[in-house]
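Work through these exercises with the model open beside you. Try each task before you read its solution.

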Amino acid sequence: MNIDFSPLIDDLPLAYRYRPAVGQPIGLVILMHGVGSNEDSLLGLGSFIPNNLSVVSVRSPLTMAPGAYSAFSVSFTANGPKIDTAAAEASRQRLLRFIPELQLRYGVTSDQTLIAGFSQGGIMSASLALTAPKCVRGFAILSGRILPEIEPLIARAEDLQHLSALVIHGKNDDRLPYFWAEKSTELLQTHGIPSHLLNYGIGHEITHEVATDFASWVRNILL
């Protein structure tokens, strides 16, 4: 366990663990975990982020089992993933309330904030940034996708122009196949959002190379 992160803090709309910046924070990185996991699973990724940035690892709001949480339920069918759309929207709304309170607490602005996540965490990061872009400077989708269900809620083009996006995906992902990364990139291009697509010969996972490249992107945006 990474001792740099606080114990769980649960007095805001979402519970989280916090790694303070060394000195005055010049930015905040919010990390979101995948379905059936928890906030501890991304502490290792957080350790790659420069120590003059604060890091928050968020626990998703729905309990599946002890130590296992999600933002919404999903089933994987022959026709693709099927989600609980009402739960996904409720989790998006909760995230929308959470982020401004977090920024206020730790003294950072939306221009100093990135949100990123793995799998379902990446889905939620994209849902937040694309529908409420004034909350963040950019977002990263690691082995995730953009929900077709949010397309009617995506903000106006002029409100999206400041965003930067990173899409990272394994070519051998058997949970969310690689074409989801291509679809995400196409959608971002359609909305005029600058984005980078990085692919690797891996499955549905975060490797050392992924973490290093993600951290480089964070540096380029916030430092």
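The exercises below concern helices, a strand and the nonpolar cores of a predicted model.

**Exercise 1. The length of α2**

Task: Compare the reach of α2 with the span expected at 1.5 Å a residue.

Solution.
- Step 1. Count the residues: α2 has 22.
- Step 2. Take the expected span, which is 32 Å.
- Step 3. Go from the first C-alpha to the last: α2 reaches 31 Å, close to the expected value.
- Step 4. Look at the ends. At the N-terminal end, Asp 84 acts as a cap, with a side-chain oxygen 3.2 Å from the backbone nitrogen of Ala 86. After α2 comes Gly 107, with a positive phi near 70 degrees.

**Exercise 2. The two sides of α2**

Task: Find which residues of α2 are buried, and state where they sit around the axis.

Solution.
- Step 1. Use the cut-off: buried means under 20% relative accessible area, and exposed means over 50%.
- Step 2. List the buried residues: Ala 87, Ala 88, Ser 91, Arg 92, Leu 95, Phe 98, Ile 99, Leu 102, Gln 103 and Tyr 106.
- Step 3. Check their directions. These residues cover an arc of only 135 degrees around the axis, so they lie on the same side of α2.
- Step 4. Turn to the other side of α2, where Ala 86 and Leu 104 are exposed.

**Exercise 3. Gln 103**

Task: Is Gln 103 buried or exposed? What does its side chain meet in a polar contact?

Solution.
- Step 1. Place the residue: Gln 103 belongs to helix α2.
- Step 2. Read its relative accessibility. The value is 9%, so Gln 103 counts as buried.
- Step 3. Find the polar partner. The side chains of Gln 103 and Thr 113 are joined by a polar contact of 3.0 Å.
- Step 4. Add the other contacts beyond four places in sequence. Among them are Leu 28, Val 108 and Cys 135.

**Exercise 4. Strand β8**

Task: Explain why β8 counts as largely enclosed, and name the strands it is joined to.

Solution.
- Step 1. Count: 6 of the 6 residues of β8 are buried, so the rest of the structure largely encloses this strand.
- Step 2. Recall the pattern of a strand. In a regular strand, side chains alternate between the two faces of the sheet.
- Step 3. Sort the residues of β8 by side. Thr 113, Ile 115 and Gly 117 are on one side. Leu 114, Ala 116 and Phe 118 are on the other. Both faces are covered.
- Step 4. Find the neighbours. β2 and β8 run parallel and are joined by 5 bridges. β8 and β9 also run parallel, with 5 bridges.
- Step 5. Pick out pairs. Met 32 has Gly 117 as its bridge partner in β8. Ile 115 is opposite Phe 139 in β9.

**Exercise 5. The nonpolar cores**

Task: Which residues touch the most other members of the largest nonpolar core?

Solution.
- Step 1. Start from a general tendency. In soluble globular proteins, nonpolar side chains tend to be buried together.
- Step 2. Name the residues. The largest core has 46 residues, and Phe 98, Leu 130 and Phe 139 touch the most other members.
- Step 3. Ask where the core comes from. Elements giving two or more residues include β1, β3, α3 and α5. The largest share, 7 residues, is from α2.
- Step 4. Look for a second core. Another one, of 25 residues, lies apart and includes Leu 42, Leu 142, Ala 211 and Ile 221.
- Step 5. Return to Phe 139. Beyond four places in sequence, its contacts include Ile 115, Leu 130, Leu 188 and Trp 217.

**Exercise 6. Helix α6**

Task: Test the span of α6, then find what its buried residues pack against.

Solution.
- Step 1. Compare spans. The 15 residues of α6 should span 21 Å, and the end C-alpha atoms are 21 Å apart, so the two agree.
- Step 2. List the buried residues: Val 210, Ala 211, Phe 214, Ala 215, Trp 217, Val 218, Ile 221 and Leu 222.
- Step 3. Check the arc. These residues cover only 155 degrees around the axis, which puts them on the same side of α6.
- Step 4. On the other side of α6, His 208 and Asn 220 are exposed.
- Step 5. Find the packing partners of the buried residues: β2, α1, β8, β9, β10 and β11.

How values were computed. Residues are numbered from 1 along each chain as its sequence is written. This is a predicted model: local features need pLDDT of at least 70, side-chain atom pairs count only at pLDDT 80 or more; totals for chains, interfaces and linings use all residues. Side-chain values use heavy atoms; hydrogens and water are left out. Helices (H or I, at least four residues) and strands (E, at least two) are DSSP runs, numbered from the N terminus. The expected span of a helix is 1.5 Å times one less than its number of residues. Buried means under 20% relative accessible area, exposed over 50%, partly exposed in between (1.4 Å probe, protein chains only). The arc is that of the directions from the helix axis to the C-beta atoms. Contact means heavy atoms within 4.5 Å. A nonpolar core is a set of buried Ala, Val, Leu, Ile, Met, Phe, Trp, Tyr and Cys residues joined through side-chain atoms within 4.5 Å. A polar contact is a pair of N or O atoms within 3.5 Å; within protein, one must be able to donate a hydrogen and the other to accept it, and residues adjacent in sequence count only if both atoms are side-chain atoms. Two strands pair if DSSP finds at least two bridges between them.
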